[in-house]
Amino acid sequence: MNKESLRIVYMGTPDFAVESLRLLVEGGYNVVGVITMPDKPIGRHGSTLQPSPVKQYAVSKGLPVLQPEKLKDETFIQELRALEADLQIVVAFRMLPEIVWDMPRLGTFNLHASLLPQYRGAAPINWAVINGDTETGATTFFLTHEIDTGKIILQERLPIADTDDVEKVHDSLMVMGAKLVLRTVDLILEGKADATPQEAFYSDAKELRAAPKIFKETCRISWDSSVKRVYDFVRGLSPYPGSWTELVAPAGERMVLKVFSTQKIEEAHDLPVGNIRTDGKSHVDIAVPDGFVRLLNVQLAGKKRMAVTDFLNGFKLTEYFIVE
């Protein structure tokens with residue numbers, strides 16, 4: 001069997017999954033169907049339906065698309081079976097029931113944006129940056145019953161610079177991961193995909209960390225943390241979904257402030273945590289236990305994202321404010 005005759009069903013939804021699909025299509029691999037999430041209602045009244053990035057690409061290439069609400073729906077199972085896939089590939093999709101992942105004769109493999117077994121879960125890229133890791137990577141592995149626990153086929157490492165935010169790491173992993181998907185398919189075609197149980201990688205993982213889904217409350221900055229911890233937290237959520245705090249005026253008025261980038265200032269001081277040090281023109285420093293976190297790029301609720309100098313031009317912030 002060669003890549004032209006290997007029948008592949010591809011499953012994915014967001015931008016991250018488009019690059020792998022693009023390389024498969026442009027590389028001449030036989031993608032016989034694409035599975036993605038149903039179109040998402042957008043707009044004020046939800047009257048407009050927005051197709052996923054994967055669907056948009058698939059339609060542009062004339063690929064058959066299925067968008068099941070429920071993956072155990074009998075109609076969907078019949079449609080999937082009719083595609084007669086030899087192999088299924090999952091990139092940033094959703095948890096599959098066994099009846100789906102066990103269907104193709106060569107199995108189903110997933111591209112995960114971490115060095116498994118590290119960071120099992122929905123948000124591995126964010127958590128690697130939030131935790132201040134200096135390295136992450138991508139892993140392909142065969143799906144099994146427990147999420148993100150299947151045998152590993154390939155891994156590749158990616159350094160994380162101290163200045164990288166999650167967008168930079170996401171984009172680098174997207175490109176690197178797509179190439180890893182093609183290498184994995186080629187190994188399977190050659191019969192050389194000797195998958196290894198994840199237990200064999202435990203000694204390399206140091207401390208196993210989870211990567212749970214991120215919610216709004218997850219993104220609230222804790223100013224009780226160290227300078228580095230706050231700095232890493234902000235870049236691990238920038239630009240999306242964005243970390244946030246509350247400005248508290250002397251009279252008690254509260255305003256939500258999103259923070260997209262910061263600078264570390266490690267110095268001794270005697271200010272209470274959360275106090276603001278500013279000249280009202282060029283800088284805003286927030287006191288934390290071991291120094292200050294200088295805000296560089298922010299956004300008030302209902303306003304545009306802007307440099308802190310522009311923010312200070314339009315907002316009279318004084319040292320009487322605090323953040324919580």
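I started at Ala 193 and found its place in the loop between H6 and helix H7 (202-205). I kept in mind that this is a predicted model.

Next I asked myself: is Ala 193 buried, partly exposed or exposed? It counts as partly exposed, because its relative accessibility is 21% and buried means under 20%.

I then listed the contacts of Ala 193, skipping residues up to four places away in sequence, and noted Phe 142, Ile 153, Leu 187 and Ile 188. I also checked Ala 193 against Glu 207: they sit 14 residues apart in sequence and 27 Å apart in space, C-alpha to C-alpha.

From the loop I moved on to the nonpolar cores. The largest has 77 residues, and Leu 24, Ile 89, Val 185, Leu 247 and Phe 311 have the most contacts inside it. I looked up which helix gives the most to this core, and H6 (residues 166-189) does, with 11 residues. Another core, of 21 residues, lies apart from it, and I jotted down Ile 35, Leu 66, Phe 76 and Leu 143 as being among its members.

Val 185 deserved an entry of its own. Leaving out residues up to four places away in sequence, I found that Val 185 touches Leu 6, Ile 8, Leu 24, Tyr 29, Leu 87, Ile 89 and Phe 109.

Leu 24 led me to helix H1, where I noted Leu 24 among the buried residues, along with Phe 16, Ala 17, Val 18, Glu 19, Ser 20, Leu 21 and Leu 23. I checked the span of H1 (residues 15-26) too: its 12 residues reach 17 Å from first C-alpha to last, close to the expected 16 Å. Just after H1, I found Gly 28 with a positive phi of about 85°.

Methods: Residues are numbered from 1 along each chain as its sequence is written. This is a predicted model: local features need pLDDT of at least 70, side-chain atom pairs count only at pLDDT 80 or more; totals for chains, interfaces and linings use all residues. Side-chain values use heavy atoms; hydrogens and water are left out. A nonpolar core is a set of buried Ala, Val, Leu, Ile, Met, Phe, Trp, Tyr and Cys residues joined through side-chain atoms within 4.5 Å. Buried means under 20% relative accessible area, exposed over 50%, partly exposed in between (1.4 Å probe, protein chains only). Helices (H or I, at least four residues) and strands (E, at least two) are DSSP runs, numbered from the N terminus. Contact means heavy atoms within 4.5 Å. The expected span of a helix is 1.5 Å times one less than its number of residues.
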